[in-house]
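Colleague: I am new to this structure and would like a close look at a single part of it, the place where two helices pack against each other. Could you take me through that part slowly and then relate it to its surroundings?

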Amino acid sequence: MTLAPSRAVRRQRHDVHDRPFIVIWEVTRACQLACLHCRADAITRRNPGELTLEEGRSLLDGIASFPSPHPLVVLTGGDPFERPDLEQLVRHGTGAGLSMSLSPSVTPNLTPDRLASLREAGAKAVSLSLDGARAATHDAFRGFEGTYAATRAAAQQVRDAGFRLQVNSTVTRSTVEELPSLLRDVIELGAQLWSVFFLVPTGRGQQLQTLDAEQIEDVLHWLADVSRFIAVKTTEAPHFRRVVLQREVAAVAGEGLSPGRGDLYRRLTALTARALAGVPVRERPARPPIDVNSGRGFMFVDHTGKVYPSGFLPQVAGDVRVTPVTQIYRQAPVMRALRTPDGFGGRCGTCEFREVCGGSRSRAYAVNGDPLAEDPGCAYVPTGGR
Ligand code: SF4
């Protein structure tokens with residue numbers, strides 16, 4: 001089956017083998033929080049083996065050498081605000097023509113003065129994590145009391161400093177029914193984008209319960225519903241794009257949207273009506289998700305310069321201290337394999353949505369030990385036919 005062209009999903013405009021759409025650079029692993037789901041297993045002190053300022057500038061020049069329009073760059077951690085030279089890195093990247101964003105932790109490092117100096121250096125957007133709609137849930141996740149209230153205050157500071165705000169939320173079995181209230185919070189905080197992360201069992205996240213495939217399906221349908229209130233993206237659930245396309249086909253055919261909708265979907269829908277009652281929400285056309293996946297438009301550089309297809313897929317593709325970042329993205333065998341969905345195993349290899357979805361390669365690796373295996377977090381049964 002060949003998928004018809006659709007506006008429901010954005011395709012990358014450039015050759016995905018040539019350049020990434022986005023590069024995430026973990027500038028440090030140091031962080032004062034102890035979040036349960038931390039990919040980085042963050043530590044309180046900076047590692048002396050981190051890329052230095054000069055090495056960081058060189059990495060940013062390498063990213064800027066991908067053809068224009070250059071990849072988006074997100075500086076993450078740990079907590080990037082632990083680096084005193086963060087402004088210099090942002091200024092350098094901006095000067096090289098890169099669009100720079102930040103993903104700080106909410107700690108005493110995050111102050112209006114620091115935000116103002118990073119905005120002045122050229123950073124454009126900031127993402128903050130909010131994982132529960134109640135202080136008890138969020139603070140337990142983050143390992144410190146008071147971070148829920150501090151995050152809400154930080155969101156206002158971020159907007160006051162002139163940044164675009166993104167809110168990141170991790171969804172687990174124990175927090176999934178807080179999603180409707182979280183949606184309300186995210187809207188009220190004035191976020192432009194809500195990124196919902198479907199936990200992959202790596203790092204401290206191994207201790208938490210992940211959703212099963214049917215529950216993920218219900219949440220994805222619910223997210224497609226609420227996309228009319230806020231722009232939504234998913235992390236480690238690329239089958240959101242399959243859901244959006246299926247719904248488009250069903251809508252054009254005048255069919256109901258029954259596939260994949262179960263009890264959890266119905267509960268989330270009922271809770272949403274309650275959570276949004278009295279909240280002034282503006283409906284808008286849904287923002288189409290973009291077809292980025294691990295190694296396919298996406299690249300992660302760790303604090304020591306090792307390159308991975310994503311931050312949740314521990315397969316080293318190269319080292320920027322040794323090999324130019326452009327060469328690693330284009331030529332590393334693991335990157336090339338991840339851009340070849342016909343080589344995927346199980347359902348993902350035969351799925352008619354494999355080019356536009358491809359499944360979570362990180363979850364495939366975490367569960368099966370093989371980044372090319374099928375994504376066990378997807379409930380879809382392909383209709384066959386390559
Ligand atoms: S089977 Fe794999 S490629 Fe197909 S929709 Fe599910 S995760 Fe995506």
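Modeller: What follows is a walk through one helix pair, and then a look at the loop before it and at the ligand shell. Please keep in mind throughout that this is a predicted model. The pair consists of helix α1, residues 53–64, and helix α2, residues 86–95, whose axes come within 9 Å and cross at roughly 25°. Angles under 35 degrees count as roughly parallel, and therefore α1 and α2 are described as roughly parallel to each other. The crossing in which α1 passes α2 is right-handed. On the α1 side the contact is made by Leu53, Gly56, Arg57 and Leu60, while α2 contributes Gln88, Leu89, His92 and Gly93. By type, the residues of this contact divide into 3 nonpolar, 4 polar and 1 charged.

Leading towards α1 is the loop that follows β1 (22–26), and Ala30 is found in this loop between β1 and α1. Ala30 has 22 other C-beta atoms within 10 Å, and because 20 or more are needed for a residue to count as buried, Ala30 is buried. Between the C-alpha atoms of Ala30 and Leu115, which lie 85 residues apart along the chain, the separation is 19 Å.

Turning to the ligand, there are 14 residues around it, of which Cys348, Cys351, Cys357, Gly359 and Cys378 come nearest. The elements giving two or more residues to this shell are α8 (239–252) and α12 (346–350). The shell divides into 7 nonpolar, 3 polar and 4 charged residues.

Conventions: Residues numbered from 1 in each chain as written. Predicted model: local features only at pLDDT ≥ 70, side-chain atom pairs only at ≥ 80, totals over all residues. Near = placed C-beta within 6 Å. Helix = DSSP H or I, 4+ residues; strand = E, 2+ residues; numbered from the N terminus. Nonpolar A, V, L, I, M, F, W, Y, C, P; charged D, E, K, R; others polar. Axes fitted to C-alpha atoms, helices over the stretch in contact; angles between N-to-C directions. Parallel < 35°, antiparallel > 145°, perpendicular 65-115°, else oblique. Left-handed = near helix turned anticlockwise from the far one by under 90°. Contact = placed C-beta atoms within 7 Å. Buried ≥ 20, exposed ≤ 12 C-beta atoms within 10 Å, placed from the backbone.
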